[in-house]
Amino acid sequence: MKKTCLLATLLLSCSAYANNSGYNQDVYLSLGVSDHTLEDMDGYALSGIFGARNYYAHNWFIGGEFEAAYIDNEEKVSAWGYTYRVKEQYSLAANMPLGKRFEIAEKLNLDVYGLLGYTVTRMKAKLTGNNVDETDSTYAHGLKWGLGADVAFSDYRVGVRWTQADIDSSDLMQELREENITFTLGYQF
C-alpha cells in the first residue's frame with residue numbers, strides 16, 4: 001500500500017508541475033477489453049482507466065493513470081474426489097505512461113509509450129469434496145510494465161497496450177505472471 005501511495009504522490013506532483021509550467025495536458029477516461037492470462041489460465045478482463053498526460057518540449061510526455069478491472073478468469077481441477085478452484089476477481093493499478101507524441105495531422109496524434117506501474121489483484125481459492133468445504137482469498141500484488149500506442153483524434157482516443165506483472169502474496173506458493181493485451185476506447189476532456 002505504501003508503494004501505491006508513493007506512486008500516486010509522484011504522479012500528482014508531475015501533473016501540478018505541468019500545469020504551472022504552461023505545457024499541454026490531456027485528461028482522459030477509457031474503457032478496455034483485455035485478453036487476460038495468469039500463468040496458464042486464460043480469461044478476459046473489462047477495465048476502466050482514468051488518466052492524464054503532460055506534454056513537454058518535443059512532445060515527450062509523462063502521465064499517471066488509475067485502472068480498475070473486473071477479471072473473469074477461473075481454473076477448476078478435480079482429482080481424488082476433491083475439486084479445487086482458483087478465481088481472479090478484480091484488480092486495481094496505478095500506472096505511469098512515459099513516451100512520445102507524433103503529430104500526424106491537425107487533431108490527429110499517435111502516442112507511443114512504455115508503461116510502469118503497480119497492481120493489486122484479488123484472488124479466491126475454494127477446495128470442496130470428501131466433507132471438505134474451504135474458501136480462502138488473498139490480494140496478490142507486484143510491479144507492472146508494458147508498451148502501448150494510442151491514436152488520439154478530436155476528443156477521442158483508441159489504443160492497444162500489452163502489459164505484464166509479476167504478482168505475489170504471502171498466501172501464494174510462488175510468484176505468478178499476469179499478462180494482458182488490452183484494446184481501449186476513450187474520451188479526452
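Here are three short exercises on this predicted model, each with a worked solution.

Residues are numbered from 1 along each chain as its sequence is written, and side-chain values use heavy atoms, with hydrogens and water left out. Local features need pLDDT of at least 70 and side-chain atom pairs count only at pLDDT 80 or more, while totals for chains, interfaces and linings use all residues.

**Exercise 1. Find how β5 pairs with strand β4 and with strand β6.**

Step 1. Strands are DSSP runs of E with at least two residues, numbered from the N terminus, and two strands pair if DSSP finds at least two bridges between them.

Step 2. Look at β4 (residues 82–105) beside β5 (residues 108–129): they are antiparallel, with 21 bridges. Tyr90, for example, has Arg122 in β5 as its bridge partner. Two residues lie between these strands in the hairpin, where Lys107 has a positive phi near 65 degrees.

Step 3. Now move on to β6 (residues 132–153), which pairs with β5 in the antiparallel sense over 22 bridges. Here Asp111 has Asp150 in β6 as its bridge partner. This hairpin also has two residues between the strands, and Asn130 takes a positive phi near 50 degrees.

**Exercise 2. Work out which side chains Glu88 contacts, given that Glu88 has no salt bridge.**

Step 1. Place Glu88 in strand β4. Glu88 is buried, a word that stands for under 20% relative accessible area (1.4 Å probe, protein chains only).

Step 2. A salt bridge needs a side-chain nitrogen of Lys or Arg within 4 Å of a carboxyl oxygen of Asp or Glu. For Glu88, the nearest side chain of opposite charge is Lys87, 8.9 Å away.

Step 3. Check polar contacts, meaning N or O atom pairs within 3.5 Å, one able to donate a hydrogen and the other to accept it. The Glu88 side chain has one of 2.8 Å with the side chain of His36 and one of 2.7 Å with that of Asn73.

**Exercise 3. Trace which parts of the chain are tied by the salt bridges of Asp26 and Lys144.**

Step 1. Asp26 and Arg157 meet in a salt bridge (3.6 Å, N to O). Asp26 is in strand β1 (residues 24–38) and Arg157 in strand β7, so this pair ties together parts 131 residues apart in sequence.

Step 2. Lys144 and Glu67 form another, with closest N and O atoms 2.9 Å apart. Lys144 belongs to strand β6 and Glu67 to strand β3 (residues 60–79), so parts 77 residues apart in sequence are tied together.

Step 3. Finally, check burial: Asp26 and Arg157 are buried, and Lys144 and Glu67 are buried too.

Note on methods:
Helices (H or I, at least four residues) and strands (E, at least two) are DSSP runs, numbered from the N terminus. Buried means under 20% relative accessible area, exposed over 50%, partly exposed in between (1.4 Å probe, protein chains only). Lys and Arg count as positive and Asp and Glu as negative; His and the chain ends are not counted.
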